[in-house]
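Welcome! Please take a look at the sequence and the structure shown here, and then walk through the notes that follow at your own pace.

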Amino acid sequence: LHDALPISLTVERRHVKRVFNSDAKDVAETITRINVLRIRANDLLQRFYASEEEIRGKDLVNDKPLITEVTQKQLQLLTEAAKALRDVAAEANRASEMKIRDNYKEYFSMLARAGIMRAESCELLRSRSELLLSMDDHNSIILKRGDLDKKSASLTQAAEELEKRAEQLIH
């Protein structure tokens, strides 16, 4: 009887330890991947906003070559940022399906929704940039760009609020 007790405890301890460490490692790896992707998206967006300064105040007709060049760079930056944010959403969604505590499942689910919102915001900014390549009337372009700006900002704000609520779940 004395010999059976340590064997039983050792087996139980090893089983619990393995499952806990495996889940903890998976969650930690997922968080690392999410953070890397979010940093990448933020870097791409910063580069996009910096490029906005290059064309601010430029004439759509007289400065068309510069605007076209900058806009093409912007389209690439925003495409890559949207992809990174969709990848964030996919990683967070996978994490929400792991065998983890419910508050962490909800946390990752909220991060996934926020990632989609941010990706959609990038797509609106992309459409906004594409307008600079169109042959539409100057005033029409300005109005459409302003509308897309508002929609993008609204999505970004909603994503930020969702991320704040998600953080509150785990802190």
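In this predicted model, Lys83 and Asp87 join their side chains in a salt bridge, with 2.8 Å from N to O. Both residues belong to helix H2, where they sit 4 residues apart, about one turn of the helix. The notes below start from this pair and move on to other salt bridges, the packing of two helices and the aromatic rings.

**Around Lys83 and Asp87**

- Lys83 counts as exposed, because its relative accessibility is 52% and the exposed class begins over 50%.
- Asp87 has a relative accessibility of 27%, so this residue counts as partly exposed.
- Lys83 also has a neighbour from another part of the chain: Leu37 is 46 residues away in sequence, yet the two C-alpha atoms are 9.3 Å apart in space.
- Leu37 is part of helix H1, which covers residues 4-55.
- With a relative accessible area of 17%, Leu37 is buried, whereas Lys83 is exposed.

**Other salt bridges**

- How many salt bridges does a search of the whole structure find? The search finds 17 of them.
- One of the pairs is Glu123 with Arg86, whose closest N and O atoms are 2.8 Å apart.
- Glu123 is in helix H3 and Arg86 is in helix H2, so this salt bridge ties together parts that lie 37 residues apart in sequence.
- Both partners of that bridge are partly exposed: Glu123 has a relative accessible area of 33%, and Arg86 has a relative accessibility of 32%.
- Arg56 and Glu53 form another salt bridge, again with 2.8 Å between the closest N and O atoms.
- Arg56 is exposed, with a relative accessible area of 53%.
- Salt bridges can also join up into a network, as they do for Glu52, Arg128, Arg145 and Asp149.

**How H2 and H3 pack**

- Two packed helices are described by the angle between their axes and the distance between the axes.
- Helix H2 spans residues 64-96 and helix H3 spans residues 102-130; their axes come within 8 Å and cross at roughly 165°.
- That angle makes H2 roughly antiparallel to H3, because angles over 145 degrees fall in this class.
- Is the crossing of H2 and H3 left-handed or right-handed? It is left-handed.
- The residues in the contact of H2 with H3 comprise 15 nonpolar, 8 polar and 7 charged ones.

**Aromatic pairs**

- A search of the whole structure turns up 2 aromatic pairs.
- In one of them, the ring centres of Phe48 and Tyr49 are 4.9 Å apart and the planes stand at 65°, so the pair is edge-to-face.
- Phe48 is buried, with a relative accessible area of 0%, while Tyr49 is partly exposed at 45% relative accessibility.
- Tyr107 and Phe108 also form an edge-to-face pair, because their planes stand at 70° and the class covers angles over 60 degrees; their ring centres are 5.1 Å apart.
- Tyr107 is buried at a relative accessible area of 9%, and Phe108 is buried at 1%.

Key:
Residues are numbered from 1 along each chain as its sequence is written. This is a predicted model: local features need pLDDT of at least 70, side-chain atom pairs count only at pLDDT 80 or more; totals for chains, interfaces and linings use all residues. Side-chain values use heavy atoms; hydrogens and water are left out. Axes are lines fitted to C-alpha atoms, for helices over the stretch in contact, and angles run from 0 to 180 degrees between N-to-C directions. Angles under 35 degrees count as roughly parallel, over 145 as roughly antiparallel, 65 to 115 as roughly perpendicular and the rest as oblique. A crossing is left-handed if the near helix is turned anticlockwise from the far one by less than a right angle, and right-handed if clockwise. Ala, Val, Leu, Ile, Met, Phe, Trp, Tyr, Cys and Pro count as nonpolar, Asp, Glu, Lys and Arg as charged, and the others, Gly among them, as polar. Rings of Phe, Tyr and Trp (its six-membered ring) pair if their centres lie within 6.5 Å; planes under 30 degrees apart count as stacked, over 60 as edge-to-face and the rest as tilted. Buried means under 20% relative accessible area, exposed over 50%, partly exposed in between (1.4 Å probe, protein chains only). A salt bridge is a side-chain nitrogen of Lys or Arg within 4 Å of a carboxyl oxygen of Asp or Glu.
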